[in-house]
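Me: Could you take a close look at one part of this structure for me, the helix that interests me most, and set it in the context of the whole chain? I work at the bench, so plain language is welcome.

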Amino acid sequence: MDVENTLTNAGSGSLLIGFSNLRRARGERPLVITKGRGVFIADEDGREILDASSSFYCAALGYSDTRLVEAARRQLGQLPFYTTGMHRTVDVALELAEKLKPLVPIADAHVAIYCTGSEAVDFALKFMRYRNVARGEPQRRKVISRWGSYHGGTIASAALGGGRDVHDAFALPMDDFLFVSQPNWPAGAEPGESEAQYVGRLIAELEQTIEAAGPETVAGFVAEPISFSCGFFPPPAGYFAGVREVLDRHGILYLDDEVICGYGRTGHLFAAEPLGLKPDMMSLAKGMTSGYFPVSATIISGELYDWLERGSEQRGTFAHATTASGHPVGAAVALEMLRIVKEDRLLEQVQARIPSLHRHVHALADHPLVGAVRAFGLAGALTLTTARIGGIGAGSAAGGVAMMGAVGRILGRVMLDHGLIVRITGDNAVIAPPLIIQESEIDELFRRLRAALDDAA
Ligand code: PLP
């Protein structure tokens, strides 16, 4: 054994762990999770932790649903792998596409199945470009997203993310990426501005951004229904209707990124439903299998699919796939997930839990460390501030994924001591427990959260 190497790699050892401070990781043991049951996980020291982040918003069914495990086992026994491409696929991938088609708010939907949300988003951008080339508009390539957003880790999906420091740090090619403000109502409003006026200002900004770029160069607009990545900001009333109207006027496609919001978080299968969204494309991942197997989907309208077909008619092969597209084990688990959502009446369960989660979130509004609270569906967020206890400047909303606030960092550590994980994004703490959480567990979550806030104050 190479002792020297083991010593210099103390901490995370040889594993590169992203979204971490790599310098600090050199000396610090990461949190190492070894087990899960229901909404709880356990680390290597046997410490039990209530995971109110659902492991980056994935574990809709928690950590021990044996039906998902059995579905994977069955498929592994029958056909562990076959690739989807060159007009070949597997039965369960065909079935998954047929099951998803009527569930999404997209006319005559076509479904492409991949592994990660980053791929789902990146490929949606690729499909937009292919369509525009086929239509004789190859210059229509630019995509608009919102500052503070996160849409993935590949070059294109990271460029689409609204973190300037990420663009700079990785020297991302930014020519075709445009940004508009992230809605943050009411904190982002001017003094005296009504909700309708605030929305009007955001929509005017979108219009100006398109005009300045040249409408004939803009391919798409990408947004999460509720932006989780920069701290959980539900949209103000009328925002997406205004966005859609502008996009339609300029022939711009709308990708609804439901990688986090989809699969029940709002008490509906997709957040598009309660928010009245009418996308041309959707990206799904995380909840599709509760995180048990990496599966994602890019869903496109029939009209868009027709253009892909026409492009393929012009060129021959539609030269796009990944080896693990339509992975049979992933598809089998995703099918089982859809079955469970129905059988367990999961969406009704979620709707039944929403009032108590909201009550608990709002009850924290007067905590000295809390500057603002927000709640929507089975999720909520606290914007942390030290202003009321006379501390250093905190409470910065919509800061972007890379700006980790000092108060958030402290709270994150204290929470772990109380056996709790919520997702810290800048100075926002986002609470999104597994959808199967029980009432008594919601009480326990907030008991731990309040105790941690008290300690951190
Ligand atoms: N889109 C959104 C909204 C996300 O939050 C994420 C990841 O967190 C992605 C896309 C990328 O998904 P993945 O990490 O599975 O590649």
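**Helix 5 and its surroundings**

Reply: Happy to help! With 457 residues, a compact globule would be expected to have a radius of gyration near 23 Å, and the chain has 22 Å, which agrees. Please keep in mind that this is a predicted model. Along the principal axes, the C-alpha atoms fill a box of roughly 65 × 60 × 50 Å. The chain's secondary structure comes to 16 helices and 15 strands, and 47% of the 457 residues count as buried. Among contacts with a separation of 6 or more, 71% are between residues 24 or more positions apart.

Now to the helix itself. Helix 5 runs over residues 91–100, and its residues Val92, Ala93, Leu96 and Leu100 are buried. Viewed down the helix axis, these buried residues fall within an arc of 105°, so they line one face of helix 5. What lies over them? The cover includes helix 4 (66–78), strand 4 (110–114), strand 10 (296–300) and helix 13 (328–343).

The loops on either side of this helix each hold a residue worth a look. In the loop between helix 4 and helix 5 you will find Met86. Met86 is not a glycine, yet it has a positive phi of about 55°. Met86 counts as exposed because it has 8 other C-beta atoms within 10 Å, and 12 or fewer is the cut-off for that label. On the other side, the loop between helix 5 and strand 4 contains Asp108. Here too phi is positive in a residue other than glycine, with a value near 50° for Asp108. Asp108 has 12 C-beta neighbours inside 10 Å, so it counts as exposed. For background, most residues other than glycine have a negative phi, and most peptide bonds are trans.

That brings in a backbone feature elsewhere in the chain. The peptide bond from Trp185 to Pro186 is cis, with omega near 5°. Pro186 sits in the loop between strand 6 (177–180) and helix 9 (195–213).

Stepping back, the chain is divided into domain 1 (31–64 + 345–456) and domain 2 (68–343). The contact between them takes 31 residues from domain 1 and 34 residues from domain 2. On the side of domain 1 that touches domain 2, at least two residues each come from helix 3 (54–57), helix 14 (346–363), strand 11 (370–375), strand 12 (380–384) and strand 15 (428–431). Helix 14 gives the largest share of that side, 5 residues. By type, this side of domain 1 divides into 21 nonpolar, 9 polar and 1 charged. Taken over C-alpha atoms, the centres of domain 1 and domain 2 are separated by 26 Å.

Finally, there is the ligand. It is surrounded by 15 residues, and the closest are Thr116, Gly117, Ser118, Gly152 and Val259. Helix 6 (residues 117–134) provides the largest share of this shell, 3 residues. The shell around the ligand is made up of 6 nonpolar, 7 polar and 2 charged residues.

To come back to your helix: if you open the model, start with the buried Val92, Ala93, Leu96 and Leu100, then turn to Met86 in the loop between helix 4 and helix 5 and to Asp108 in the loop between helix 5 and strand 4.

Terms used
Residues numbered from 1 in each chain as written. Predicted model: local features only at pLDDT ≥ 70, side-chain atom pairs only at ≥ 80, totals over all residues. Near = placed C-beta within 6 Å. Helix = DSSP H or I, 4+ residues; strand = E, 2+ residues; numbered from the N terminus. Nonpolar A, V, L, I, M, F, W, Y, C, P; charged D, E, K, R; others polar. Domains from an automatic or database assignment. Contact = placed C-beta atoms within 7 Å. Rg over C-alpha atoms; globule rule 2.2 N^0.38 Å. Buried ≥ 20, exposed ≤ 12 C-beta atoms within 10 Å, placed from the backbone. Arc of directions from axis to C-beta.
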